[in-house]
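Here are some worked exercises to try with the model open beside you. Have a go at each task before reading its solution.

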Amino acid sequence: MKLNIPCLNKRHNQLIPAKEIFDFNTTMPHAISCTRLPDDTVVCSSQVDEPGMQIDHTNTNVTDFVQKCTVLGDEKELALLFLDIRNFTSFMEQRAPYDVIYVIRKLFVLFNDSIREVGGRIIETMGDSIYAVFGLESDLQKAVQSSMDASLAIFHDLEVFNTTYAQSYFNLNFEIGIGLHQGKVLVGEYDMDYNNHLTVMGLPVNIAARLQAETKELNNDLLISEDAYRFLENMNVSTPSKKVRLRGITEPVQVRLMGNAYQRKPGNDDMMDYYLSMAG
């Protein structure tokens, strides 16, 4: 079985010979998975594709036994979106679990379609919240514009859902809050169980999460940081702007109020604890 050999040290842009990663003088498994830690330590573990497989190591090139080494992630500039369905906890308290699950699945399918249509990707969903990123396959300017396009599409999705379903069956209108930001983050495919799960972390993620929470304080359902706003194609100088202090962020953040006031005052179910854990 032919395997990829040395790994690329992305910090120093140098190729590391396989012999420096693993001691090939010992009996080796036929596949080795290596991960480079932030301190440049390389940790390797063996993997067997088929139980009981017998491998003849005689006269075999040692490079056939090493998989490509991967770092924990790559730095990339992305646009970040956090969304929360307002006052959903009160809806959960008043309705049967089946109704709650049906509504949240229906909304998330609609929102996911709008996000994916412009090249975005949902990183996490939890309860009534969504965390998505844009720009994995595009430049930052397009990513920010896509995050705004997705946001506007999501508000339209919600309006249609309220008109055609929520008002008729539940006599209510669901509302959402969205926070948008951009910045350099760490993108990697791993989770606590070492499965291939896309994770995006960094300070900009924290800021985006807190911007979403700030929508209830400013009574505006769509906030975007000034850093992200300047990448939009059609900027409007008359768009309201405000400097806010966000929880846990040292410097104040300039934001643009791009949305509308809530029909009713948002409750306290913005899941801040979840945002904190998800943002890292």
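Helices and strands here are DSSP runs, with at least four residues for a helix (H or I) and at least two for a strand (E), numbered from the N terminus. Please keep in mind that this is a predicted model.

**Exercise 1. The overall picture**

Task: How many helices and strands are there in the protein, and what share of its residues is buried?

Solution. Start with the secondary structure: the protein has 6 helices and 13 strands. Next, take burial, where the cut-off is under 20% relative accessible area. Of the 280 residues, 45% are buried. Finally, look at the contacts with a separation of 6 or more: 69% of them join residues 24 or more positions apart.

**Exercise 2. Two helices that meet**

Task: Work out how helix α2 (residues 97-117) and helix α3 (residues 140-170) are oriented, starting from the angle at which their axes cross.

Solution. First, the geometry: the two axes come within 9 Å and cross at roughly 155 degrees. Second, the cut-off: angles over 145 degrees count as roughly antiparallel. Therefore α2 and α3 are roughly antiparallel to each other. Third, the handedness: the crossing of α2 past α3 is right-handed.

Now for the residues involved. On the α2 side, the contact includes Tyr-102, Val-103, Leu-107, Leu-110 and Phe-111, while α3 contributes residues including Ala-150, Ile-154, Leu-158, Phe-161 and Phe-170. Sorted by class, the contact has 13 nonpolar, 1 polar and 3 charged residues.

**Exercise 3. Rings around Phe-91**

Task: Classify the ring pairs that Phe-91 forms with Phe-170 and with Phe-174.

Solution. A pair of aromatic rings is described by the distance of the centres and the angle of the planes. The structure holds 11 aromatic pairs. For Phe-91 and Phe-170, the centres are 5.2 Å apart with 85 degrees between the planes, an edge-to-face pair. Phe-91 sits in helix α1 (residues 88-94) and Phe-170 in helix α3, so this pair ties together parts that are 79 residues apart in sequence.

For Phe-91 and Phe-174, the centres are 5.2 Å apart and the planes stand at 80 degrees, so this pair is edge-to-face. Here the link runs from helix α1 to the loop between α3 and β9 (175-189), with the two residues 83 apart.

Then check burial. Phe-91 has a relative accessible area of 3% and is therefore buried; Phe-170 is buried; Phe-174, at 5%, counts as buried. To finish, zoom out: ring pairs join these three residues with Phe-88, Tyr-98, Tyr-102, Phe-161, Tyr-165 and Tyr-169 into a cluster.

**Exercise 4. The surroundings of Val-185**

Task: Is Val-185 buried or exposed, and which residues is it in contact with, leaving aside neighbours within four places in sequence?

Solution. Locate Val-185 in strand β9. Its relative accessibility is 2%, so Val-185 counts as buried. Beyond its sequence neighbours, Val-185 contacts residues including Leu-78, Leu-80, Val-200, Met-201 and Val-205. As a further check, the C-alpha atoms of Val-185 and Glu-77 are 6.2 Å apart, although 108 residues separate the two in sequence.

**Exercise 5. Positive phi**

Task: Where do Asn-171 and Asn-219 lie?

Solution. Most residues other than glycine have a negative phi. Asn-171 has a positive phi of about 55 degrees and lies in the loop between α3 and β9. With 71% relative accessible area, Asn-171 is exposed. Asn-219 has a positive phi near 55 degrees and is found in the loop between α4 (203-218) and β11 (222-225). At 36%, Asn-219 is partly exposed.

Definitions and conventions: Residues are numbered from 1 along each chain as its sequence is written. This is a predicted model: local features need pLDDT of at least 70, side-chain atom pairs count only at pLDDT 80 or more; totals for chains, interfaces and linings use all residues. Side-chain values use heavy atoms; hydrogens and water are left out. Axes are lines fitted to C-alpha atoms, for helices over the stretch in contact, and angles run from 0 to 180 degrees between N-to-C directions. Angles under 35 degrees count as roughly parallel, over 145 as roughly antiparallel, 65 to 115 as roughly perpendicular and the rest as oblique. A crossing is left-handed if the near helix is turned anticlockwise from the far one by less than a right angle, and right-handed if clockwise. Contact means heavy atoms within 4.5 Å. Ala, Val, Leu, Ile, Met, Phe, Trp, Tyr, Cys and Pro count as nonpolar, Asp, Glu, Lys and Arg as charged, and the others, Gly among them, as polar. Rings of Phe, Tyr and Trp (its six-membered ring) pair if their centres lie within 6.5 Å; planes under 30 degrees apart count as stacked, over 60 as edge-to-face and the rest as tilted. Buried means under 20% relative accessible area, exposed over 50%, partly exposed in between (1.4 Å probe, protein chains only).
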